[in-house]
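Work through the exercises below with the sequence and the model side by side. Try each task before reading its solution.

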Amino acid sequence: MKRKLMLFVLLMVTGLFAIGQTVQITGVVTSSEDGLSVPGVTVKVQGTTIGTVTDYSGAYSIQVPAGSVALEFTFIGMESQVVAIGGRTKIDIVLKPDLVVMDEVVVVGYGTAKKVGTVVGSLTQVSSEQIKEKPVANVFDGLQGKVAGLQVFTSSGEPSEIASIRLHGTGSLSGGSTPLYVLDGIPIDAGTMLSLNANDFESVTILKDASATSIYGTRAANGVVYITTKKGKIDTKGV
């Protein structure tokens, strides 16, 4: 009976010792691009909080509990890898760069080089088709009723008369209230607007709030009227 009890105790102690046993795994992490070592790579035992990082030479050393299955290798800008241990004590890893394909990004103010739907801010775009709907002498009258909050005042019906446009009402008694006019990225004055043919406009974009007008500075305090003209096209029929 005593022999059986001693055997049982011995088996229990051996089992606990085996559970608490760890294995040291070492290795070097390099880059597939240039073959150089990669410092700062996080090496972690999968499913645990046990981990370490590679040193300046890309080398690492980690104590892995017995029975662990795999190691995880992670680094910013490179693809993560999960490698099975398989009883090995030395595991060298080659990390590949994590390539992210991005769409073409164009940083502009406002105009044809951006999508209006992606702009964060208050703006309204009036197309050339909408301007054509109203047979008017100048583009100012064509915008009347097309943009919420836009007021167009004319003292007479003369076509050469410069209309007064207000986007935010009259904000100052002594300062001006005229918005900034921009033609294909170039600021112009209201008089130049009258000399332009509204049929040559592709669209007219009205920028209202601070986020939309901030790129133009204090000149845009009363809003911005951005005009995009029509461009030549290829492979089209007609005159």
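Buried means under 20% relative accessible area, exposed means over 50%, and partly exposed lies in between (1.4 Å probe, protein chains only). The model is predicted: local features need pLDDT of at least 70, side-chain atom pairs count only at pLDDT 80 or more, and totals for chains, interfaces and linings use all residues. Residues are numbered from 1 along each chain as its sequence is written, and side-chain values use heavy atoms, with hydrogens and water left out.

**Exercise 1. Classify K90 and D92, and state how they interact.**

Step 1. K90 has 49% relative accessibility, so it counts as partly exposed.
Step 2. D92 is partly exposed because its relative accessible area is 46%.
Step 3. Side chains of opposite charge can pair when their charged atoms come close.
Step 4. Apply the cut-off: a salt bridge puts a side-chain nitrogen of Lys or Arg within 4 Å of a carboxyl oxygen of Asp or Glu.
Step 5. K90 and D92 form a salt bridge, with their closest N and O atoms 3.6 Å apart.
Step 6. Searching the whole structure gives 1 salt bridge.

**Exercise 2. Place V38 and list its contacts.**

Step 1. Helices (H or I, at least four residues) and strands (E, at least two) are DSSP runs, numbered from the N terminus.
Step 2. V38 sits in the loop between β1 (22-31) and β2 (42-45).
Step 3. Its relative accessible area is 5%, so V38 is buried.
Step 4. Contact means heavy atoms within 4.5 Å. Leaving out residues up to four places away in sequence, V38 touches V29, T30, S31, T54, G58, F75 and M78.
Step 5. Check a C-alpha distance too: V38 and D55 are 17 residues apart along the chain, and their C-alpha atoms are separated by 8.2 Å.

**Exercise 3. Trace the sheet that contains β1.**

Step 1. Two strands pair if DSSP finds at least two bridges between them.
Step 2. The order is β4-β1-β7, an open sheet of 3 strands with mixed pairing.
Step 3. β4 (59-65) and β7 (93-95) are the edges; each has a single partner strand, so one side of each lacks a neighbour in the sheet.
Step 4. For angles, axes are lines fitted to C-alpha atoms, for helices over the stretch in contact, and values run from 0 to 180 degrees between N-to-C directions. Neighbouring strands here are turned by 35° against each other on average, direction ignored.
Step 5. β1 and β4 run antiparallel, joined by 7 bridges. V28 stands opposite A59 in β4.
Step 6. β1 and β7 pair in the parallel sense over 3 bridges. The bridge partner of V29 in β7 is I93.
Step 7. Split β4 by face: Y60, I62 and V64 are covered, while A59, S61, Q63 and P65 are uncovered.

**Exercise 4. Trace the sheet that contains β2.**

Step 1. Its 4 strands form an open sheet, ordered β3-β2-β5-β6, with antiparallel pairing.
Step 2. β3 (51-53) and β6 (78-84) are the edge strands, each pairing on one side only.
Step 3. Neighbouring strands are turned by 15° against each other on average, direction ignored.
Step 4. β2 and β3 pair over 3 bridges in the antiparallel sense. In β3, T52 is the bridge partner of V43.

**Exercise 5. Find the nonpolar cores.**

Step 1. A nonpolar core is a set of buried Ala, Val, Leu, Ile, Met, Phe, Trp, Tyr and Cys residues joined through side-chain atoms within 4.5 Å.
Step 2. The largest has 21 residues; F140, L150, Y181, M193, V204, I206 and I227 have the most contacts inside it.
Step 3. Two or more residues come from each of α3 (139-143), β11 (180-183), α4 (190-194), β13 (201-207) and β14 (224-229).
Step 4. A second, separate core of 17 residues includes V45, I62, V64 and I93.
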